[in-house]
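Biologist: Before I rely on words such as buried or salt bridge, I would like to hear the reasoning behind each of them. Could we go through the model together?

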Amino acid sequence: MARKRRLAPAGFAQHVIQRGNNRSICFACESDYIAYIHWLKKFSLQFDVSIHAWVLMTNHTHLLCTPKYDNRGVSAMMQSLGRMYVRYFNQKYKRTGTLWEGRFTSSLVNSEEYLLTVYRYIELNPVRAKMVLDPAEYKWSSYPINALGVKSTLCCAHRVYLSLGKTETERMKAYRALFETEISQTLIGNIQYCSKKELVLGNNKFKQQIENLTGIALKNERLGRPPKMRAENFEG
C-alpha cells in the first residue's frame, strides 16, 4: 500500500511526533537529550523550520513547528535529525538497527483554532504521564521558555503566541493562565486521533483552504472535527 502523501505546505504549523520502535527508550541519560536538542537546532536552522513548542519524553518526541519556505522542510529536518541521532545512539550504546518506529507522523494545525491548545498539549505531556505535577518541573520541554522566559536559541514564537500580549511579560502571564484550565478529554482525543491518522486538525473552512493550496482532495476529512475518542486509547 502506498504511503499517504504528507500535507506540509510552507507557512502552516504542524504537530510532529516521532516514537521509539516498540516503545523502546530513545533517551537514556541527560547527554542524550542534549545531543538531540543540539541536532534539532542545527537542522531546524538548516532547513528553515521554526520550532514553537517541543517535549522530549523517554520514548517519543513532540514538536510544534512551521516550515518557512519549503514544503519539504519538516521532512528534511526530521530525516537528517533522525539519522544523526540514531548513529549517535547506536554508537554510544553499542547497538544496531532501527531506533524509531517507522517514519514520523504529522498533523497540520489550524493556527487560529487550535495552535495554543497544541502548545499546551505538548508541554503537558509529562504531567499526563505522571512524571511531574507541574510542567515547569520538567526539564526537557519548551514550557520554561514559553511560560517563564528562559532564553532559547531553539524556540521561535508563533504569531498567535505573540498576540497574547504587547510585552514578553504580558505574553508569558497570559500563556501561564491558559494552563489553569484543563484541556478536555474530547479535545485531547481529537488531537491524538489527528496526529495518529495524519489528518488536518481544523474546521472545514481550514481544510478547504489546504485543499485549494495543495490540490490534494481531503474527501475523507470533510465531515467536521475528528470523531470523539477517549484520550486513554492513545499514547501521549
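Biologist: Leaving aside its neighbours within four places in sequence, which residues is P144 in contact with?

Modeller: This is a predicted model, and in it P144 is in contact with Y138, G149 and V150 once those sequence neighbours are set aside. The word contact is used because heavy atoms lie within 4.5 Å. P144 itself belongs to helix α5, which covers residues 143–148.

Biologist: Why is P144 called buried?

Modeller: The relative accessibility of P144 is 14%, and buried means under 20%, so P144 counts as buried.

Biologist: How do you know which class T117 belongs to, buried or exposed?

Modeller: The same kind of reasoning applies. T117 has a relative accessibility of 13%, and the limit for buried is under 20%, so T117 counts as buried. T117 sits in helix α3, residues 111–123, and, apart from neighbours within four places in sequence, is in contact with I183, L187 and I191.

Biologist: What makes you say that R171 has no salt bridge?

Modeller: The nearest side chain of opposite charge is that of E168, and it is 6.1 Å away, whereas a salt bridge requires a side-chain nitrogen of Lys or Arg within 4 Å of a carboxyl oxygen of Asp or Glu. R171 is therefore buried yet without a salt bridge.

Biologist: What does the side chain of R171 reach instead, and at what distance?

Modeller: The side chain of R171 reaches the backbone oxygen of G165 at 3.1 Å, and the cut-off for a polar contact is 3.5 Å. R171 lies in helix α7, residues 168–178, and its contacts beyond four places in sequence are Y161, L162, L164, G165 and K166.

Biologist: How many salt bridges does the rule give, and what makes E30 and K139 one of them?

Modeller: The count comes to five. The closest N and O atoms of E30 and K139 are 3.1 Å apart, which falls within the 4 Å limit, so the pair qualifies. Because E30 lies in helix α1 (residues 30–46) and K139 in the loop between α4 (125–128) and α5, the pair ties together parts that are 109 residues apart in sequence. E30 is partly exposed, with a relative accessible area of 44%.

Biologist: Why is R103 said to tie together separate parts of the chain with E198?

Modeller: R103 forms a salt bridge with E198, with the closest N and O atoms 3.1 Å apart. R103 lies in the loop between α2 (73–93) and β4 (105–108), and E198 in the loop between α8 (185–197) and α9 (204–214), so the pair ties together parts that are 95 residues apart in sequence. R103, at 27% relative accessibility, counts as partly exposed, while E198, at 16%, counts as buried.

Biologist: How do you know that E112 and R159 meet in a salt bridge, and why are they called exposed?

Modeller: Their side chains come to 2.8 Å, N to O, and the limit is 4 Å, so the pair satisfies the rule. E112 has 59% relative accessibility and R159 has 51%; exposed means over 50%, so E112 counts as exposed, and R159 likewise counts as exposed. The pair links distant parts of the chain, with E112 in helix α3 and R159 in helix α6 (residues 159–162), 47 residues apart.

Key: Residues are numbered from 1 along each chain as its sequence is written. This is a predicted model: local features need pLDDT of at least 70, side-chain atom pairs count only at pLDDT 80 or more; totals for chains, interfaces and linings use all residues. Side-chain values use heavy atoms; hydrogens and water are left out. Helices (H or I, at least four residues) and strands (E, at least two) are DSSP runs, numbered from the N terminus. Buried means under 20% relative accessible area, exposed over 50%, partly exposed in between (1.4 Å probe, protein chains only). Lys and Arg count as positive and Asp and Glu as negative; His and the chain ends are not counted. A polar contact is a pair of N or O atoms within 3.5 Å; within protein, one must be able to donate a hydrogen and the other to accept it, and residues adjacent in sequence count only if both atoms are side-chain atoms.
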